[in-house]
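Student: Hi! Could you walk me through this structure in plain words?
Tutor: Happy to, let's look at it together.
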Amino acid sequence: MHIVIPDDYQHVIRTLDCFARLAGHEVTVLHHVQPASLDELAARFIDADALVLTRERTRIDAALLERLPKLRLISQTGKVSGHIDLDACTARGIVVTEGRGSPVAPAELAWSLILNARRQLVPAIDAFRQGRWQVNLGQAVAGQTLGIWGYGKIGQRLARYARAFDMPVLVWGSETSRAAAEAEGHRAALSREAFFAEADIVTLNLRLSDSTCHGVTFEDLSRMKTDALLVNVSRAELIAPGALLRALDAGRPGFAAVDVYEQEPLLDPQHPLLTHPRVLATPHLGYVEKNGYELYFGDAFDNVVAFFEGVPKNVAN
């Protein structure tokens, strides 16, 4: 069968150990980074019996599916999200399978951003490379309150990191999340307003859904301290459009560290988040890590093999 794998930005898919599981199939790996038109996507996928998608990098909708008569399977790395029109797939008899996620790499990236932003390492290193010595004064995180909105697998891992760094933890989220945090010895905020006002560092660890989309408002951010840090490695759409830049320019919070953007890939070096002096920005690296890729693509390739052997598994539609 012909399997097409788009969006291998880094040219790494063929280097993964799990790639050997596709032996015996014709595999085309595509490396385009620039966003593609409907015509371009249809031309790239026209001969595919199966697509293996890297997270949400390519949107699959009814208009595209109508132009892919050979397509029988879409194997999603990680969990299926809103980028795939499941109803349209089902209507055309296209099976969609999904795999697992892992909190390890995104939690570690979030912690790296916290430490780097607080110690202001990037401007210090940049200055050092230009021949300047000790140009700024960072902050240690010990004693600072880490605010975690969303106490799932990533949030729980961050709370364990915080304990190791002598940071008190303040949690906001669902009633279940707050209860779980308290059961583990952390403090649940008395209110949403108190959560943003009290935390020295706020990290967003929510799934994007209809109920969470644009849920963090300018008013929320405006309650943060003037030296507080907002960290988002989850989804840009959790924050209302324009609210973060507006809040930063107003002075609350004082800093932000972001790994996610409303339009990806973000290829404009003059984007306001990339040029803002109090923003540390990374190119959506949360899940981009060797062991994570082996997990995501290993599951996706296993689902492809199972499907073409006539025993489909992990079917999402």
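Tutor: Let's begin with a term: domain bounds here come from an automatic or database domain assignment. For this chain, that assignment gives domain 1 (2-101 + 290-309) and domain 2 (103-281). Keep in mind that this is a predicted model, where local features need pLDDT of at least 70, side-chain atom pairs count only at pLDDT 80 or more, and totals for chains, interfaces and linings use all residues. Residues are numbered from 1 along each chain as its sequence is written, and side-chain values use heavy atoms, with hydrogens and water left out.

Student: Okay! What separation do the centres of domain 1 and domain 2 have?
Tutor: Taken over C-alpha atoms, the two centres are 32 Å apart.

Student: And how many residues of each domain are in contact?
Tutor: On the domain 1 side there are 6 residues, and they are in contact with 4 residues of domain 2. Contact means heavy atoms within 4.5 Å.

Student: Does UniProt's record have anything to add?
Tutor: UniProt lists residues 112-286 as "domain: D-isomer specific 2-hydroxyacid dehydrogenase NAD-binding", in an unreviewed entry. UniProt positions are given in the numbering used here, feature names are shortened, and annotations may be inferred rather than shown by experiment. In the model, the span 112-286 is 35% helix and 14% strand, and its end C-alpha atoms lie 10 Å apart. Helices (H or I, at least four residues) and strands (E, at least two) are DSSP runs, numbered from the N terminus.

Student: Cool, let's switch to sheets. In what order do the 5 strands of the open sheet come?
Tutor: The order is 2-1-3-4-5, with parallel pairing. Two strands pair if DSSP finds at least two bridges between them.

Student: Which strands stand at the edges?
Tutor: Strand 2 (26-29) and strand 5 (95-97) do; each has a single partner strand, so one side of each is left without a neighbour in the sheet. On average, neighbouring strands of this sheet are turned by 20° against each other, direction ignored. Axes are lines fitted to C-alpha atoms, for helices over the stretch in contact, and angles run from 0 to 180 degrees between N-to-C directions.

Student: Can you show me some of the pairing?
Tutor: Sure. Strand 1 and strand 2 run parallel and are joined by 4 bridges, with V4 having T28 in strand 2 as its bridge partner. Strand 3 (residues 50-53) and strand 4 (residues 73-76) also pair in the parallel sense over 4 bridges, and here L51 has I74 as its bridge partner.

Student: Which helix lies across strand 4?
Tutor: Helix 12 (residues 290-308) does, running at about 155° to strand 4, and this helix also lies across strand 1 (2-5), strand 3 and strand 5.

Student: New topic: how many salt bridges are there in the whole structure?
Tutor: The search finds 10. A salt bridge is a side-chain nitrogen of Lys or Arg within 4 Å of a carboxyl oxygen of Asp or Glu. One of them joins E56 and R235, with the closest N and O atoms 2.9 Å apart. E56 sits in the loop between strand 3 and helix 2 (62-65) and R235 in the loop between strand 10 (229-232) and helix 10 (243-250), so the pair ties together parts that are 179 residues apart in sequence.

Student: Is R235 buried or exposed?
Tutor: R235 is buried, at a relative accessible area of 18%, while E56 is partly exposed at 29%. Buried means under 20% relative accessible area, exposed over 50%, and partly exposed in between (1.4 Å probe, protein chains only).

Student: Which residues are linked with R192 in a network of salt bridges?
Tutor: D220 and R223 are. The side chains of D220 and R223 meet at 3.7 Å, N to O. D220 counts as buried at 4% relative accessibility, and R223 as partly exposed at 35%.

Student: Last one: any unusual backbone spots?
Tutor: Here are a few to look up. The peptide bond from R252 to P253 is cis, with omega near 0°, and P253 lies in the loop between helix 10 and strand 11 (255-258). The bond from E264 to P265 is cis too. D7 has a positive phi near 65° without being a glycine, and D7 is found in the loop between strand 1 and strand 2. D166 also has a positive phi, of about 60°.

Student: Is D166 buried or exposed?
Tutor: D166 is exposed, with a relative accessible area of 57%, whereas D7 counts as buried at 10%.
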